Amino acid sequence: MNLNTITSVKRPATADEVGQWQAGDAWLAGGTWLFSEPQAHLRTLIDLHGLGWPALTPTAGGLDIAATCRIADLHAFRGEASWTAVPLIAACCECLLASFKIWNAATAGGNLCMSLPAGAITSLVVALEGQLTLLSRDGSSRTVAAVDFVTGNNRNILQPGELLRSIHLPASALSKRFAIRRAALTHLGRSAALLAATQAHSGGDILLTVTAATPRPVQLRLPGDVSADALRQALDSAIPADGWFDDVNGSPAYKRHVSHHFAEEIRAELAAIRQASTGVQASTTPP
């Protein structure tokens, strides 16, 4: 869609060149949402492509993902052999309601900053214990946990003019085992519920992340041997009856039901893996 209210486009070579933020300014990365509908309140686009941020930078400490990294590049990443949770990256990319053409333009940062409940990049970076670097217009920066970034449907903690610079996924999270479940009303539809969990190969706590079914990510840290009853109680405690997201992709009752069902499947899957690797008897408590 042509944005006929735009009067200027800035292409800074560094973030410092942006200067003062004004009403009507907008960051331009992939532009897949920006150009999808009228933006009558906008006057200036600030193109981030000239900043030249490396899309993906693996280090001994983990993976740094530039906000401008395309979904296609993220999906193609393979990483270190010891990073056993890397397949979760591709799995979350495949949960996006987007064609391959969109993947070649849309960015990881754009999906995160849209902050929609069904934003699968949000699900990914929260599940893998991501840390986000945010740049303000005064030259300062701050680091926040990904789980605290999205605050509601299409809402997050970004201040006016603040820019998401990068996402850091720690090697400790990338080296875990994982399980993922997703529900959508149609085969290629937007997620109604997306749950992912990770656990260290040595055992220990399960980190369960619930997204799409809730306005913002909900994360639970559970004992590795959590029972089905304890899991149900933990979910109901973390997500009250009015805490489920109500939209055309499913009623709150439906989203609660499938989330509980998937959480139990994930619990049983991780318990079976633990049993196979350690010989510890998995809980057979019925769901």
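Start by selecting residues 1-174 in this predicted model: the UniProt record, an unreviewed entry, places a "domain: FAD-binding PCMH-type" feature there. Over that stretch the chain is 21% helix and 25% strand, and its end C-alpha atoms sit 38 Å apart.

Now go to the open sheet of 4 strands, ordered 11-12-13-14 with antiparallel pairing. Its edges are strand 11 (177-184) and strand 14 (218-222), each pairing on one side only. From one strand to the next, the twist averages 15 degrees. Zoom in on strand 11 and strand 12 (residues 191-200), which pair in the antiparallel sense over 8 bridges. Here you'll find Ala183 opposite Ala193 of strand 12.

Next, pick helix 8 (residues 252-278), which packs on the sheet and touches strand 11, strand 12 and strand 13 (203-211). Its direction makes about 155 degrees with that of strand 11.

What joins strand 11 to helix 8, 84 residues apart? Show the side chains of Arg181 and Glu265: they meet in a salt bridge (2.8 Å, N to O). Arg181 is buried at 18% relative accessibility, while Glu265 is partly exposed at 31%. Add Glu269 to the selection, and you have a network of salt bridges linking Arg181, Glu265 and Glu269.

Stay on helix 8 for Arg256, whose side chain meets that of Asp236 in another salt bridge (3.0 Å, N to O). Asp236 belongs to helix 7 (residues 228-238), so this pair ties together parts 20 residues apart in sequence.

Last stop: Glu129 and Lys176, a salt bridge with the closest N and O atoms 2.9 Å apart. Lys176 is buried, at 13% relative accessible area, whereas Glu129 is partly exposed, at 24%.

Key. Residues are numbered from 1 along each chain as its sequence is written. This is a predicted model: local features need pLDDT of at least 70, side-chain atom pairs count only at pLDDT 80 or more; totals for chains, interfaces and linings use all residues. Side-chain values use heavy atoms; hydrogens and water are left out. UniProt positions are given in the numbering used here, feature names are shortened, and annotations may be inferred rather than shown by experiment. Helices (H or I, at least four residues) and strands (E, at least two) are DSSP runs, numbered from the N terminus. Two strands pair if DSSP finds at least two bridges between them. Axes are lines fitted to C-alpha atoms, for helices over the stretch in contact, and angles run from 0 to 180 degrees between N-to-C directions. Contact means heavy atoms within 4.5 Å. A salt bridge is a side-chain nitrogen of Lys or Arg within 4 Å of a carboxyl oxygen of Asp or Glu. Buried means under 20% relative accessible area, exposed over 50%, partly exposed in between (1.4 Å probe, protein chains only).
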